[in-house]
Amino acid sequence: MPLFPPQLHTRRDFLRRSGQLALTGTALPLALNLAAMGEAAAFNAPAGDYKALVCVFLYGGNDYANTVISYDDTSYNQYSTIRGGGAGQAAGGIALAKSALAATLLTPTVAPLDVVGVAHQYALHPSMAGLANLFNTGKAAVQLNVGPLVKPLTRVQYNSANKALYPRPPQLFSHNDQQSIWQSSSPEGSKVGWGGNIGDLVLQNGLNSNSLFTGMSVTGNAVFLSGDTALQYQLSTSGAIKIKPATNATVFGSANVRSAIDTLIRQSRTHTLENEYNTVTARAMAAEAAVTAALALSPSTEGTVPDLRPFPTKFGTDSLSLQLQMVARLIKGRSVLGARRQVFMVSLGGFDLHDNLIAQQPTLMDRVSSAMTAFYNATVDMGVASQVTAFTASDFGRTLASNGDGSDHGWGSHHFIVGGAVKGQAFYGTAPPVSVGDTKDSGGNYALADQWHVGQGRLLPSTSVDQYAATLAKWFGVADSEMAGILPNIVNFGTSAGRADYPTDLGFML
């Protein structure tokens, strides 16, 4: 009986285990030879190119139904009825008035279809004019009904007692666990995320000269960017975090004291732990200096030298805008950082709207739309729009049914992909029916409208996070043979798993 499922024996996993065996002194030559062989063939990265992925995580579970809103009369009327809307398609309950959606109507080149081939129309929240414009001009796309899945599920299978045959994602509807599953395919406590796994491949293939700048977070610690060898570099919207007092100009008013402290915390020591501590400290100080130098290419205040002025695009002053502005500045300084492939993470909280959905969501939607629009425009300013892709993620969607003043924890949701390499002005995936019913026929099968939710309009995902991530990873340069090492559940999707209806490439990237 094998210790690992045969389908998970990827080159990356084998190298990882070989590297662990190398600690005994017996497997190092084999591991090194395999690594050298793999580097020549694995990662798709033409010489001199650059690519970046930017995860925009919406903490709290964004309400999908008031973000990408059903607009055709049949679907809108169902949405409005379920959410407590008024007569004549007016606002009411937690339903938005149809008249408020005209300015953000999405006009895809091909209308999205539901499971029986009926076309649907959608509009974005009225506060999302920027993203609506990006969509309608071909720079953004929407992936419909995506969420964590171990393998494809129907509603009947979801309800089955045979969890071995029909496994559910663990800890469904739990904030912390679903945040972790989105970022790492594992519940809370996971140590490695799929962004970090991609970073490991980048480093294995020698694409970045400094390993610290492969995964960069402007939103604190997140498992998404953690790899086996790739470390996430954390910074704030103000820049790199300095180590004091060594980075001060003086200490107690003396440059000599500062210099002495600097020497003490950098010098080699005979004690192993002391030496390692100094090594890490010196590395952090060198990284801070490199990041500061990179950011000097695009200061946050107006300069006199044209090439060193801020972006023509103006960012807002809210947290998400400042985070994405920092990412843009880091991308502009990528040559200083020695990076050809980078994965970034930013975030916005406040989406757990069990109450006050109508009052509070407009500000959140405006911040997401405005910040992502400004960020895309900044990539245009830098000439790298086709090399940078931003995408949204969230704990989960929410219930279509109202709880009175908001919505409760859900599962599947709709998400945005933005960038010059996105096949925009398009929806991907299957439009879910707008229903909260539980109708079954005499054979126990759910009515068609009720097959794609698991109660109260909690969407049963028709696209998995693994499919979504694999599509982004493939564009980034990850080879098909490496996908299982990045996304462990991807082996349950695609033609190799007999599920061509759940492709591993969703098609939204050029």
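## Exercises around Asn62, strand S9 and helix H13

Leaving aside residues up to four places away in sequence, asparagine 62 touches Thr67, Phe351, Gln361, Met365, Ser394, Phe396, Gly397, Arg398 and Ser413, where contact means heavy atoms within 4.5 Å. This is a predicted model, in which local features need pLDDT of at least 70 and side-chain atom pairs count only at pLDDT 80 or more, while totals for chains, interfaces and linings use all residues. Residues are numbered from 1 along each chain as its sequence is written, and side-chain values use heavy atoms, with hydrogens and water left out.

**Exercise 1.** Place asparagine 62 and decide: is it buried or exposed?

*Solution.*
- Start with the location: asparagine 62 is in the loop between strand S1 (51–58) and strand S2 (68–70). Helices (H or I, at least four residues) and strands (E, at least two) are DSSP runs, numbered from the N terminus.
- Next, take the relative accessible area of asparagine 62, which is 4%, so the residue is buried. Buried means under 20%, exposed over 50%, and partly exposed in between (1.4 Å probe, protein chains only).
- Finally, look at the side chain of asparagine 62, which makes a polar contact with that of threonine 67 at 3.0 Å. Such a contact is a pair of N or O atoms within 3.5 Å; within protein, one must be able to donate a hydrogen and the other to accept it, and residues adjacent in sequence count only if both atoms are side-chain atoms.

**Exercise 2.** Find which strands pair with S9.

*Solution.*
- Seven of the seven residues of S9 (residues 413–419) are buried, so the strand is largely enclosed by the rest of the structure.
- Strands pair if DSSP finds at least two bridges between them.
- S4 (residues 140–147) is antiparallel to S9, with five bridges; alanine 141 has isoleucine 417 as its bridge partner.
- S8 (residues 388–394) is also antiparallel to S9, over three bridges, and threonine 389 stands opposite glycine 419.

**Exercise 3.** Check the length of helix H13 and see how it is covered.

*Solution.*
- The expected span is 1.5 Å times one less than the number of residues.
- For the twelve residues of H13 (residues 465–476) that gives 16 Å, and the end C-alpha atoms are 16 Å apart, so the two agree.
- Eleven of the twelve residues of H13 are buried, including Tyr468 and Phe476.
- Just after H13, glycine 477 has a positive phi of about 125 degrees.
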